[in-house]
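Got your viewer open and a hand on the mouse? Let's take a walk through this model, one selection at a time.

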Amino acid sequence: MGLKTWLKLAVVAGVAANIAGTAFAGGTLRYATIGEPPSLDQQVITSDLATTIAHHIFEGLYTFNAAYEPVPLLAESETLSDGGKVITITLRKNVRFHNGQPMTAADVVASLQRWGAYGSRGGLLFDNVERVEATGEYEVTITLSRPFGPWKNLLAFINGGPAIYPASIVEGASKEPLAPDGYIGTGPYKFSAWEPNRYLELVRYEDYVSPEGDPDGYAGRRTVNFDRLRFIPVPDVGTRVAGLRAGDFDYAESIPGDLYAELDADPGVRTILNGGPIFGLVFTNSKAGPLKDNFALRRAIQTALDKTAALRVAIGPESLWRANGSFYPKGNVWYTEAGIENFSKADPELARRMAEEAGYDGEPIKFMVSTNYPFHYDTAIVYTRQLAEAGFNIDLQVYDWATLIEKRAQPDQWDMFFTHHGFVPDPILISVMNDNYPGWWATPEKQKLKARFTATAEPAERRAIWAEIQALIYEQVPTMKTGDIYTYNIASPALEGLAASTLIWPHFWNVSK
Amino acid sequence: MNGLISVLRSVRERRLATIGLIWLALVCIAALGAPLLAPFDPLDFDPLARLAEPGWPHLFGTDHFGRDTLSRAIYGARMAVLIGTGSVFVALVVGGIVGMLSAYFTKLGHLLMRAVDVLMAFPALLLALVLMTLLERSVVNTIIVIGTVYATTTARILFGMTLKLKGEVFVEAAICSGAGHASVLFRHILPNLVSPLLVQASFIFAFAQLQAAALDFLGLGLPPEVPSWGNMLSEERIYITRAPWLLIFPGTLIILTVFSMNLLGDAMRDSIDPRFRKDVKGV
Amino acid sequence: MLGYALDRLLTLVPTLLAASLLVFLFVRLIPGDPAAILLGDAATPEQVAALTRELGLDQPLWKQYFLWLGNILEGDFGTSIFFGKPVLAVIADSAETSILLAVTTMGWIVLIGVPIGILAAVRQGSWIDQATSGLAMLMASVPTFWLGLYFILVFAVGLGWFPSSGFPSITGEGGLLNLRYLVLPSLTLAAPNAALIIRLVRASMLDVSREDHVRTARAKGLHPLRVAIKHIFRNALIAVAGAFGFTFAALVSEAVVTETVFSLPGVGRLVVQSILRRDYPVIQGVILIVVVFYMFVNLLVDLAYARLDPRVSLK
């Protein structure tokens, strides 16, 4: 074969591949992720990335509408009896799993039981559950030992939550996350392939039966347009941005605040704010060290901090953060101003005096932070400097995330550590409410309030008790909030049907290109 | 000593190498006089002067903390010199001792060089990554890890060169006249190796800069709070379009420094004993 | 020749055993708990402990080492904690990218480095010689990640000539055309390594040109370029072949920075990510395999020397 023939062949091959490529890309959403999820098993994994992918595969009995209220998804309706202690849930009847089996009460019971025993957030509900049983082919009854207010929010929150799996998969499953051949749900997409380091791919579930009603948050009709969703791990943020600009991705997540103005002005890029803000938290150690039960010293530390300066350095543009001391943003039903006058006093002199009164004599305070999240590190640097100005001897210890989570489980290794918290629709899900979360805040005052908080389902009463809890957080300072951060993602302008902001995790039903 | 003088003379004869030498002298001055030369505290930040363009008073602009880039660059020279000389020191001392002893005492050498073979089979950068995670990020650990990587190559080179010298008449004469092992090794063999070692040192210095910058980039080098050129690039790389000066200045400093060292090493290599010329690796 | 090869192979055994012990120790001494990473923030200490037991990570370290080594001898490198897949399968996925990246990089190096090296040698001392060696040295002084970032900015975002990141398998859709994803990364990686080859080609050409048979050829009045190519280059290749071998082996692991910048699913990035996830079996497996790979390349190069160059004695 001569050179010319080779050239011709190459051109033909190129054209053919191009045509095939275009047809293929038209039906594929290419999503650049920050990395790879540990697993897609929703019941045990709490990574946000896992949920972003997995909530296209799995569904729960309930989900959230745009106002963060729980509404039925796989459930059809429910009735409460015996003073709220017996919950009878009727299931939708025409739903099929990706393996073709119809979803029945047996699957729901098996899923709830595995979640209750091994699920990350399962204990929150199941500490109050007496039994779960199938009381009909499409009817499940949950019997509680006492009325438990947040039950519906917990059933609707799929992250570390009660995703519904086929009984055949979930029976015998334990704490170890399910392997990919167990990723069988009822959602609009089914699991297709996971090429480590390359991509994780979902394909359209042809027999998907959508819930009825106008789309509202995660609720309502789910129209499936893309043939495939491809989640591509791109850990380097610069590469994610460059790739979207170059047209190699349709969507890229977790973009730094400082690029917002530039990207927002770029006609080739659409910015999408995340609806629920995340917030940085500094936890204090209640088991050991100088901060163990010295609440006055903790308050002195909080008094020295100027959270606005930290947010400005760590996030950048003022439109992307709020120096808000409430654990919920203004406008949310859980918003309360209780205790927030102490949120960001930024008064080093007062802090110095308070520390003296609290008996602080300059002993080192170990403050752990990880470099995996730049805004953690940036905030900690600002805090360390502010605390030094107020006379605190801060020993900043910088680790990678994996080392930090091992160290924070050991009470003698640290006094404070930095982490962040995602938006959760019910305060019971905030980590500081968990007595076992590192920091181990479990004072009698907290436990009394917490018991009252979960014992009632009455919204106004629950809100009032939450305000008392938040005030207690500012008094005992088990954790210090940094302020609300509105993270954002970027998308190709060619995507249609994307809401102006995401609810918690982005979703791609009702979206096309 | 003669070797050293001829090496320096050869540098003077090359115009580019002379320029390199001048640049390296400037880097050293910046490293030594950083507190006097830097207009600002390299760690002092100003949330209201973030990402300022180069101008007055921040000649090289500021980073996302509002820290002065010029001051950080000057303090970065300190880290460059420290990492470079530290790695050279570790590599030459450890590698030198292992290599020379192995060549001189054949039985011990058999064992030691086998150990060097094992270490050399490890992928250098991957090994450095694992070791840095294991040891935690610090200046000393970075020096040890980079130094160890080049200690193996140095050991092998010195092994070869010492072997060649061992057979020379003057060494055999020294042994015959009853000189002790230490005397033979350090008085008779080592002085002949000074100039090739100097060349090797210059290449190690240059490589160490790039290796340290790569570790910083991967988040496993110097502690992030240390102002080094690598950390500056790593921390500010997302601002490549938003604040280009944050990448251009430290990047250029690394390139100039490494290039200067390479030029110097190259010029010196031409002047050393032709028998050893091929042993010394480099660019 | 065969005896020599066998002899060399046998000496590899203790070296490999030592290497495996080092790999295991280095990796296992890293602080961090894979079970805690896997389960995330909401898991209780009991749940983490239970998963640690299920993964067999609560056994004494020496027991785990011998179990690991024993399984490897049976060809089983264990299961990735993170992916739940066999380690070998995970590595095989990444190896395609790494090997193709190394091959394309070597392609550039040969394509650019060898002709320039020959040119520099033929015109020894001229301005071309000085300019190319200066330029090559400059390229070797640039941090690869820095160069890569600007390559992406200019050629992917600005001009749109090449994709910015990633690498779809050549066995999937797109086929061999997917190699265009490797153009920018391989150029980035070739830049510093080309200098070494240019220098080597030039130096060995000059060495060979001083030898007798070349002088004879010249004296016979053959065209200088003909002499250069036919007599000098062929002999210089022997020296250069060795360097190619090592550069290739080094590329597979040294590409970690380039793979990170371009988000390539290669072996280097697999190690970086696995370190962050504390996926011990994968880190151990990759490093051990690269070590074995390096040793075999080393062996092959030595054997090739012995074959190509009769002056090398088979000791």
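The tour below starts in chain A, then moves to the places where chains meet, and ends with a pair of helices.

**Before you click**

This is a predicted model, in which local features need pLDDT of at least 70, side-chain atom pairs count only at pLDDT 80 or more, and totals for chains, interfaces and linings use all residues. Residues are numbered from 1 along each chain as its sequence is written, while chains are lettered from A and ligands numbered from 1 in the order in which they are written.

Helices (H or I, at least four residues) and strands (E, at least two) are DSSP runs, numbered from the N terminus.

**Stop 1: a four-stranded sheet in chain A**

Select β4, β5, β6 and β7 of chain A. They make an open sheet in the order β4-β5-β7-β6, with antiparallel pairing; two strands pair if DSSP finds at least two bridges between them. β4 and β6 (129-136) of chain A stand at the edges with a single partner strand each, so one side of each has no neighbour in the sheet. From one strand to the next, the twist averages 20 degrees.

Now zoom in on the pairs. Strand β4 (residues 75-81) and strand β5 (residues 86-91) of chain A run antiparallel and are joined by six bridges. For instance, S77(A) has T90(A) in β5(A) as its bridge partner. Follow the hairpin of β4(A) and β5(A), with its four residues between the strands, and you'll find D82(A) with a positive phi near 55 degrees.

Next door, five bridges join β5(A) to strand β7 (residues 139-144) of chain A, again antiparallel. Here T88(A) has T141(A) as its bridge partner.

Add helix α3 (residues 105-118) of chain A. It lies across β5, β6 and β7 of chain A and runs at about 165 degrees to β6(A). Such angles run from 0 to 180 degrees between N-to-C directions, and axes are lines fitted to C-alpha atoms, for helices over the stretch in contact.

**Stop 2: a six-stranded sheet in chain A**

Still in chain A, pick out β13 to β18. These six strands form an open sheet in the order β14-β18-β13-β17-β15-β16, and the pairing is mixed. At the edges stand β14 and β16 (394-399) of chain A, each with a single partner strand, so one side of each lacks a neighbour in the sheet. β14(A) and β18(A) run antiparallel, joined by two bridges, and W321(A) has I485(A) in β18(A) as its bridge partner.

Now show two helices. α12(A) lies across β13 (278-284), β15 (365-370), β16, β17 (416-421) and β18 of chain A, at about 160 degrees to β15(A). α10(A) lies across β14 and β18 of chain A, at about 50 degrees to β18(A).

**Stop 3: a helix tucked inside**

How many of the eight residues of helix α10 (residues 307-314) of chain A are buried? Seven of them are, so the helix is largely enclosed by the rest of the structure. (A residue is buried if 20 or more other C-beta atoms lie within 10 Å of its own, exposed if 12 or fewer, and partly exposed in between; C-beta atoms are placed from the backbone.) The cover over those buried residues includes β14 (321-322), α12 (374-389) and β18 (479-485) of chain A. Just after α10(A), look for G316(A), which has a positive phi of about 105 degrees.

Then click G483(A), in strand β18 of chain A. With 21 C-beta neighbours inside 10 Å, G483(A) counts as buried. Setting aside neighbours within four places in sequence, its contacts include K307(A), L311(A) and W321(A); contact here means C-beta atoms, placed from the backbone, within 7 Å.

**Stop 4: where chains meet**

Colour by chain. Where chains C and A touch, 47 residues come from chain C and 39 residues from chain A. The chain C side divides into 25 nonpolar, 14 polar and eight charged residues. (Ala, Val, Leu, Ile, Met, Phe, Trp, Tyr, Cys and Pro count as nonpolar, Asp, Glu, Lys and Arg as charged, and the others, Gly among them, as polar.)

Swing over to chain B, where 31 residues are in contact with 35 residues of chain C. α11(B) gives the largest share of the chain B side, eight residues.

**Last stop: two helices in chain B**

Select helix α9 (residues 181-217) and helix α11 (residues 245-269) of chain B. Their axes come within 8 Å and cross at roughly 160 degrees. α9(B) and α11(B) are therefore roughly antiparallel (under 35 degrees counts as roughly parallel, over 145 as roughly antiparallel, 65 to 115 as roughly perpendicular and the rest as oblique). By class, their contact has twelve nonpolar, five polar and one charged residues.
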